[in-house]
Amino acid sequence: MVHTSFTLGGDLPVRRLGLGTGGLVGPGYWGPRGGRAEARELLRTAVERGVTLIDTADNYGPELAEELIADALHPYGEELVVATKGGVVRTGPDQWHLAGRPEQLRAMCEASLRRLRVERIGLYQLHRFDPSVPMAEQLGALAELRAEGKIRHIGLDTVTAGQLRLARESVPVASVQNPYNLLDRSSAEVLGLCEGHGIAFLPYYPLGSGALTRESAAAVTAVAAAHGAGPGQVALAWLLHHSPVLCPTPGTGSPVHLAENLDAATVHLTPAELALLDALV
């Protein structure tokens, strides 16, 4: 049986299949992608469909994705968790720079609080470790923000297994975001640590940046046909079956693709189908 929910940090339940907001902004995470009204409607539709985990970042737009979320959904329902990130400054399409000094992280978090119109962020994720700043200082800044009640739970984005082990010695880690999908299992060791410690794993590129919907392996196509589903739905269903800590948040700006993604939760894979898909890598 596949569990549809996960409890972040031991006290914050969310539905495992959420929504990423990178698809609401322009190419390279820069500027708008379409009209604000369409983006707001998509966000509202996602919540109406039962999404309780929305993943965003202060540098998507930049700032635009957080503003859209607040415009569409504030005041937020008690069950909704908006997870955002800080630690990266974007200066153009696909141009970004690390910013991990404690004063930078504090300023970014407080700016996200204002844009999202909240007093506390349910899940605040360090977008990258900045190698020019000691890890202890970066984690210390987040720990201070948590102690002040501005962050409920701390997450990490793009970490190695070694970094995760070290981080957990300093702060409670509620989530990790690393690449993981049917064709990319490079973070398998990190996933194992998350399973062992009850840490949510939010796989980014859960559809391989669209590759899994465009050029699927024969096994994916065959499984999809058996369920009357699309290959992308099978890829998301596989993640939900593969590990109980995986919480995919595929991004899209399309209402049609949003519906397809959320319907993936209804695709129940058999043991034989899972074995076939597991063998792809």
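Four aromatic pairs are found in this predicted model. One of them joins Y180 and F201, whose rings meet edge-to-face, with centres 5.7 Å apart and planes at 70°. Y180 sits in the loop between β10 (173-177) and α6 (188-197), while F201 belongs to strand β11 (residues 200-201), so this pair ties together parts that lie 21 residues apart in sequence. Y180 counts as buried because its relative accessibility is 2%, and F201 is likewise buried, at 0%.

Y180 also pairs with W238: the ring centres are 6.3 Å apart and the planes stand at 10°, so this pair is stacked. Here the loop between β10 and α6 is linked to helix α9 (residues 231-242), which holds W238, so the pair ties together parts 58 residues apart in sequence. W238 is buried, as is Y180. Taken together, Y180, F201 and W238 make up one aromatic cluster.

A polar side chain can be followed in helix α3 (residues 102-116), where S112 is found. S112 counts as buried because its relative accessibility is 0%. Its side chain makes a polar contact of 2.8 Å with the side chain of E66. Leaving aside residues up to four places away in sequence, S112 touches D58, E66, T84, I121 and Y124.

Turning to the strands, β6 (residues 88-92) and β7 (residues 95-98) run antiparallel and are joined by four bridges. Within this pairing, V89 has H97 of β7 as its bridge partner. The hairpin of β6 and β7 has two residues between the strands, and D94 in this hairpin takes a positive phi near 60°.

Terms used
Residues are numbered from 1 along each chain as its sequence is written. This is a predicted model: local features need pLDDT of at least 70, side-chain atom pairs count only at pLDDT 80 or more; totals for chains, interfaces and linings use all residues. Side-chain values use heavy atoms; hydrogens and water are left out. Buried means under 20% relative accessible area, exposed over 50%, partly exposed in between (1.4 Å probe, protein chains only). A polar contact is a pair of N or O atoms within 3.5 Å; within protein, one must be able to donate a hydrogen and the other to accept it, and residues adjacent in sequence count only if both atoms are side-chain atoms. Contact means heavy atoms within 4.5 Å. Two strands pair if DSSP finds at least two bridges between them. Rings of Phe, Tyr and Trp (its six-membered ring) pair if their centres lie within 6.5 Å; planes under 30 degrees apart count as stacked, over 60 as edge-to-face and the rest as tilted.
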